[in-house]
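Here's a short set of exercises to work through with the viewer open. Try each task yourself before you read the solution.

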Amino acid sequence: MAKKWFLTTALAYLGTPYIWGGDDPSGFDCSGFVIECLKSAGILEEAEDYSADGLMRRYEAYVINKPCEGALLFSLDRAGRAYHVVICLDENYQIGASGGGRSTTNPIDAWQANAYVKIRPLVLKKDSHRLLFLF
């Protein structure tokens with residue numbers, strides 16, 4: 001049941017602006033979006049807050065090899081740190097807050113940058129991504 005609420009919440013936020021550091025429905029960054037969805041499913045406590053890298057390290061024991069519905073997909077830098085996170089809808093599509101950056105601090109910036117919660121095709125690159133499955 002937790003996975004159902006997790007994915008239902010994610011889909012409900014489609015179109016929400018990307019805001020750097022955002023963690024509520026007025027605007028999300030990538031980790032703020034995923035954390036809000038995890039909280040709605042009862043996976044994280046209300047007070048928990050993580051960066052993409054912190055979230056990956058929190059659940060590093062849940063590594064999987066192939067994308068699946070509800071998996072978290074982390075983009076990694078060359079040092080193996082996560083700098084972005086999205087939710088897999090299935091093996092082909094993802095949902096996440098993307099398109100913005102540090103300078104995206106309000107909804108006007110977000111719309112100008114085409115930065116919002118959106119569904120996109122899932123693209124995996126060898127050695128630059130990590131998948132985790134919590135359900």
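**Exercise 1: Around Ser-128**

The side chain of Ser-128 sits 3.3 Å from that of His-129, a polar contact between the two side chains (a pair of N or O atoms within 3.5 Å; within protein, one must be able to donate a hydrogen and the other to accept it, and residues adjacent in sequence count only if both atoms are side-chain atoms). Before going on, note that this is a predicted model: local features need pLDDT of at least 70, side-chain atom pairs count only at pLDDT 80 or more, and totals for chains, interfaces and linings use all residues. Residues are numbered from 1 along each chain as its sequence is written, and side-chain values use heavy atoms, with hydrogens and water left out.

Task: place Ser-128 and list its contacts beyond four places in sequence.

Step 1. Ser-128 is in the loop between E7 and strand E8 (129-132); helices (H or I, at least four residues) and strands (E, at least two) are DSSP runs, numbered from the N terminus.

Step 2. Skip the neighbours within four places in sequence, and Ser-128 has contacts with Phe-74, Ser-75 and Leu-76 (contact means heavy atoms within 4.5 Å).

Step 3. A polar atom of the Ser-128 side chain also lies 3.1 Å from the backbone oxygen of Lys-125.

Step 4. For a long-range check, take Gly-80: 48 residues away from Ser-128 in sequence, yet 7.7 Å away in space, C-alpha to C-alpha.

**Exercise 2: Buried faces**

Task: work out which residues of H1 are buried and how they are arranged around the axis.

Step 1. In helix H1 (residues 2-12), the buried residues are Phe-6, Leu-7, Thr-9 and Ala-10 (buried is under 20% relative accessible area, exposed over 50%, partly exposed in between, with a 1.4 Å probe and protein chains only).

Step 2. These residues are on the same side of H1 because they span an arc of only 160 degrees around the axis, taken from the directions from the helix axis to the C-beta atoms.

Step 3. Their packing partners are H2, E4, E5, E6 and E7.

Step 4. Now compare H2: nine of its 11 residues are buried, so H2 is largely enclosed by the rest of the structure. Among them are Cys-30, Phe-33, Ile-35 and Lys-39. After H2 comes Gly-42, with a positive phi near 80 degrees.

**Exercise 3: Pockets**

Task: describe the lining of the largest pocket, then of the second largest one.

Step 1. The largest pocket has a volume of about 230 Å³. On a 1 Å grid over the protein atoms alone, a pocket is an open set of points where a 1.4 Å probe fits, with protein on both sides within 12 Å along at least five of seven lines, and lining residues have an atom within 4 Å of a point.

Step 2. Of its 13 lining residues, Tyr-18, Trp-20, Cys-30, Tyr-83 and His-84 are the closest to the centre. Strand E5 (82-88) and helix H2 (30-40) each give two or more residues, and E5 has the largest share, with three.

Step 3. The second largest pocket comes to about 170 Å³. Its lining includes Leu-73, His-84, Gln-94, Arg-120 and His-129.

Note on methods:
Points joined across faces, edges and corners; volume = space filled by probe spheres on them.
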